[in-house]
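Q: Please take a close look at one part of this model and describe how it is placed among its neighbours.

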Number of protein chains: 2
Amino acid sequence: MSTQSVAGLQSEVNKLRHELQTLTVDNHSEIAGDTIILANYLIERLRQLGVTQMFGLPGDFNLGFLDYVEDSDAIEWVGNCNELNASYAADGYARVKEGSIGVITTTFGVGELSATNGIAGAFSEHVPILHIVGVPSTSQQKTKPMLHHTLGDGRYDAYYKASQQFTISQATLTSASSAAAEIDRVLTECVVTARPVYLMLPTDLVHERVPTKRLKTPLNCEPPENEEEVENFVLDEIVKLIDEAKQDVVILVDACSVRHGVKHEMEQLVAKTKLPVYAAPMGKTAVPETYERYGGIYVGSITKPEIKEKVESAKLILSIGALKSDFNTGNFTYHIPTNRTIELHSDHTKVQFAIYHGIGMKRLLPKLTARLENLHVTASQISVPHFTLPIPQEDDQIISHTWLWPRVGQFFKPKDVVIAETGTSSFGVLDVPMPKGSIFISQILWGSIGWTVGATLGAALAARDLGLGRTILFVGDGSLQLTVQELSVMMKTGVKPIIFVLNNSGYTIERYLHGETRKYNDITNWNWTKLLGTFGGIEGTSCQSYTVRTKDELSALLDNAEFAKADKIQLVEMIMEKNDAPRGLKVQAELSGQMNKYGS
Amino acid sequence: MSTQSVAGLQSEVNKLRHELQTLTVDNHSEIAGDTIILANYLIERLRQLGVTQMFGLPGDFNLGFLDYVEDSDAIEWVGNCNELNASYAADGYARVKEGSIGVITTTFGVGELSATNGIAGAFSEHVPILHIVGVPSTSQQKTKPMLHHTLGDGRYDAYYKASQQFTISQATLTSASSAAAEIDRVLTECVVTARPVYLMLPTDLVHERVPTKRLKTPLNCEPPENEEEVENFVLDEIVKLIDEAKQDVVILVDACSVRHGVKHEMEQLVAKTKLPVYAAPMGKTAVPETYERYGGIYVGSITKPEIKEKVESAKLILSIGALKSDFNTGNFTYHIPTNRTIELHSDHTKVQFAIYHGIGMKRLLPKLTARLENLHVTASQISVPHFTLPIPQEDDQIISHTWLWPRVGQFFKPKDVVIAETGTSSFGVLDVPMPKGSIFISQILWGSIGWTVGATLGAALAARDLGLGRTILFVGDGSLQLTVQELSVMMKTGVKPIIFVLNNSGYTIERYLHGETRKYNDITNWNWTKLLGTFGGIEGTSCQSYTVRTKDELSALLDNAEFAKADKIQLVEMIMEKNDAPRGLKVQAELSGQMNKYGS
């Protein structure tokens with residue numbers, strides 16, 4: 001609980017400082033009484049945060065707001081097919097557009113509740129999303145008529161209460177006078193904590209005018225300063241442990257290093273110290289996988305032996321942004337004792353068994369790097385396994401997992417965004433070294449199947465915005481069925497992902513967990529190559545679909561320059577064996593299944 | 001609050017009585033110590049309630065339970081494409097299968113939260129659904145490891161807390177010894193209140209053995225007795241008012257008459273008294289629309305003039321099962337003073353301004369009917385308008401709403417189940433007289449677009465089970481996009497609905513509410529007639545798709561005996577004008593838009 005109260009205090013300090021700044025801003029250049037329509041105030045704040053797209057669906061209660069969005073030059077409205085997909089898209093967008101946020105707008109009840117799973121997933125995996133909900137007017141909120149989209153019993157606060165479980169901060173705007181400050185508060189929380197926030201926007205307030213003045217002060221989204229005395233103590237402790245370990249230290253990077261914006265600080269540490277670096281699955285590509293001191297993926301007992309030995313034999317592990325979930329740790333099988341571990345987090349630091357609340361890594365890392373400036377002399381001597389994945393020689397033409405993943409690895413290019421669905425795909429891509437500047441995203445902790453389809457839309461839009469490379473999705477047939485309609489929105493928005501569909505007749509990860517031959521793990525086989533054409537594409541012109549059944553067919557396609565150019569949306573159905581799976585998944589599933597006591 | 005506490009007391013009494021019955025059941029024929037596996041206990045209870053299908057998706061944490069479902073002869077597992085669709089299907093199933101319940105099984109977090117909107121809609125519209133969630137084992141619930149599908153912060157109760165907003169009762173099974181009683185409790189609440197309930201089923205308890213004994217006593221799902229003294233008082237009051245009105249009384253039936261199981265009691269009242277009967281939109285087909293004393297749909301100021309005059313000029317309105325939401329009342333424009341209204345509800349009665357808690361209509365209605373046995377002499381003299389909808393003469397070939405709805409009305413047959421999506425379709429079908437034994441379902445209060453697609457699957461399965469007629473869906477292009485993948489599950493399960501897709505290029509109801517020419521109300525046009533083939537059907541064999549562009553084309557299709565036979569799933573794309581809408585929708589949207597103050 002003390003973590004929460006420290007975080008609460010810090011956030012309060014942050015908010016007050018920003019309020020103070022806002023109120024004392026230089027007023028000379030401004031005409032007193034300048035005002036802006038509330039909707040435009042919100043849009044302007046989003047523009048300041050670098051938001052260029054807004055996801056969601058129109059619905060009664062948000063239409064007034066959408067007028068302003070549609071008329072704005074800053075934000076493009078992406079009408080999604082449904083709200084779950086929209087929330088996944090906002091999530092994918094935020095992951096690729098580091099430092100910015102994802103935004104989804106839905107309507108009261110029916111719209112917002114469909115997004116619940118997507119928002120909860122973003123909470124779980126530290127992804128900043130603003131969820132704007134168009135709600136009945138402030139007077140209706142008081143009189144509580146039995147409007148459509150209500151529960152019929154006058155509980156106008158039920159959705160808000162549910163949202164409290166899955167968002168870090170909530171605001172229900174009740175008057176124009178407090179609206180701007182409330183918007184600033186939740187947006188700041190969203191960025192600083194890298195978690196979703198919830199904003200209720202009543203139909204009548206959308207058009208109200210509020211002072212423009214606050215907009216002159218950008219939101220203060222920097223994490224709070226660490227308390228100097230404590231920070232110095234922590235730095236001393238860390239340096240002492242590194243010395244005691246005689247520099248036999250490895251760095252282990254994980255998800256929160258990306259989500260809490262310390263990639264740059266981490267790169268400085270790594271470059272200056274020359275310490276060996278490994279990544280947990282959720283931290284894959286946080287450090288470039290082509291970096292010479294990078295040794296690959298550590299995932300507890302599932303780790304490849306040469307990597308496992310190196311990590312677990314180190315005298316000290318410096319872990320950055322860890323999220324130690326079951327699928328991110330080989331089912332909690334880190335063989336690293338706590339007394340050999342230092343953990344840096346966004347809002348606390350853990351040195352062996354001691355926890356230091358309020359000592360966040362964003363501020364700590366540069367100071368640590370400065371304190372370790374001579375470490376590289378010895379650290380650069382520590383050997384690091386070369387992270388490669390050669391293509392095995394297989395005599396048959398079956399597209400096996402063992403062959404597939406290294407083969408597509410050769411297809412990846414610098415700056416590609418690679419998205420892998422929970423299950424066979426995410427386990428498969430893990431072992432594949434990614435080129436420089438490429439980004440790997442997957443939902444390993446939350447693990448909601450179907451997520452990648454919406455996420456690919458959002459990621460591809462963000463990638464286009466940032467001038468990144470191709471967006472490449474790996475998704476199983478079972479997962480694609482949950483969210484398939486979003487392919488249509490990809491075509492509408494003109495993004496051009498390459499979508500590899502693993503056609504293996506069902507929910508493979510579940511077959512491994514339990515029920516290998518059960519009918520409930522079967523799915524209906526679709527005509528996968530007809531999807532794009534059905535959803536509004538024109539085969540050969542605006543889209544292209546392929547089926548590959550053999551290694552040679554897939555290789556030929558991957559080697560085809562026209563295909564690799566990705567100048568239209570492409571879908572590749574890959575026929576695979578029903579019961580084949582990547583190595584990591586098989587081990588993970590066995591461990592997980594035992595824990596669930598499925599046994600008979 | 002007092003309603004809730006009375007209801008709470010009643011439910012407690014109910015539960016205790018059932019417990020008592022269960023424990024005192026005759027034990028002679030039973031081998032002492034007979035036990036059954038918990039999963040099978042639950043399945044057996046569902047069988048006793050007439051459940052034949054279970055909706056949902058497999059996911060880690062529910063796979064063990066699904067083994068028992070798959071092995072059971074009583075319940076068929078319907079694997080859906082996603083959880084929202086599954087919840088809609090359970091809802092549609094429950095609506096058609098009156099007296100039974102809908103059942104959906106999902107997995108912890110990712111699965112259950114995707115169903116939130118569907119469950120909330122069932123709450124809003126009084127539809128009984130059991131939501132079974134496979135959750136981590138009882139020991140994991142205590143130790144709270146960072147498992148996949150968790151929020152990463154140890155809050156294992158977050159989903160449960162959210163579910164409390166949208167279900168009437170919840171149970172988290174914690175031990176085999178209390179599990180059976182807990183299951184019985186939530187199932188009873190589900191049926192008696194006609195609302196969704198939530199059941200957490202840990203992986204380890206699924207296999208535990210519990211005594212079979214309780215199963216000998218069927219669940220007591222009857223509503224509690226009314227307190228005699230109060231009930232007599234209420235009956236006197238009602239009869240007195242009817243006398244004072246000099247028998248100038250009309251009956252107005254609404255949604256809750258169906259949902260709370262008084263169709264039979266209501267039919268007795270109507271048949272014996274010969275009073276004129278009208279229906280609110282949500283009560284359509286609660287009384288057969290071919291009944292000679294039935295006058296049509298009353299929906300406040302949107303009502304057709306001849307019906308409006310008859311209802312509003314009556315000296316007394318006897319309302320049965322009202323749900324007075326905006327879209328069910330012409331935006332709250334009932335021109336009926338409270339002092340001329342008697343309202344019968346499932347758990348209370350309202351006579352003019354007086355509310356009588358705990359006096360429910362299921363027990364009251366037969367007694368009221370008995371007290372009014374001579375009423376028919378005078379009541380049968382009151383004239384009732386004939387409920388018809390002639391096909392208008394239009395000179396062009398455009399499929400207009402004015403022409404479409406009466407035309408498809410001629411296509412309906414006795415016992416058809418007709419499902420209309422919120423918006424143009426539901427407003428359109430309202431004015432169409434339905435044949436005897438047919439069932440109309442729509443989600444008028446909750447109004448979640450896309451709901452009908454899942455609901456059609458569930459409704460069609462229930463209809464097949466009950467030996468009803470065809471299932472016919474009317475859905476707009478915009479709505480179908482939200483939940484389209486469920487067409488695939490229809491084909492998998494072999495149901496054969498006729499699906500009319502109103503292709504009018506977007507969200508028409510929203511254009512009428514606000515933003516007629518806005519891009520956010522546009523959608524991507526799909527190749528609608530390719531959908532069934534893409535989702536696994538074989539055109540001409542297992543499915544058939546059509547596009548109709550003119551009145552003649554549609555008429556020819558409707559007159560085609562082969563088409564009307566509905567022996568395979570059929571999809572009819574109807575090309576319609578972008579800005580056309582049924583009469584009722586236009587008026588409703590204007591009233592609603594004003595209330596939302598979209599203004600400029």
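A: The part chosen is strand 2 of chain B, residues 53-56, where helices (H or I, at least four residues) and strands (E, at least two) are DSSP runs, numbered from the N terminus. This is a predicted model, in which local features need pLDDT of at least 70 and side-chain atom pairs count only at pLDDT 80 or more, while totals for chains, interfaces and linings use all residues. Residues are numbered from 1 along each chain as its sequence is written, chains are lettered from A and ligands numbered from 1 in the order in which they are written, and side-chain values use heavy atoms, with hydrogens and water left out.

Strand 2 of chain B is covered on both faces. B:Gln53 and B:Phe55 lie on one side, B:Met54 and B:Gly56 on the other, and all of them are buried (under 20% relative accessible area, with exposed over 50% and partly exposed in between; 1.4 Å probe, protein chains only).

Strand 2 of chain B runs parallel to strand 3 of chain B, residues 76-79, and four bridges join them; two strands pair if DSSP finds at least two bridges between them. Within this pairing, B:Phe55 has B:Val78 as its bridge partner. The chain gets from strand 2 to strand 3 of chain B through helix 3 of chain B, residues 63-71, in a right-handed β-α-β crossover: with the strands pointing away from the viewer, the path from the first strand over the helix to the second runs clockwise.

Strand 2 of chain B also pairs with strand 4 of chain B, residues 102-107, in the parallel sense over two bridges. There, B:Thr105 of strand 4 is the bridge partner of B:Gly56.
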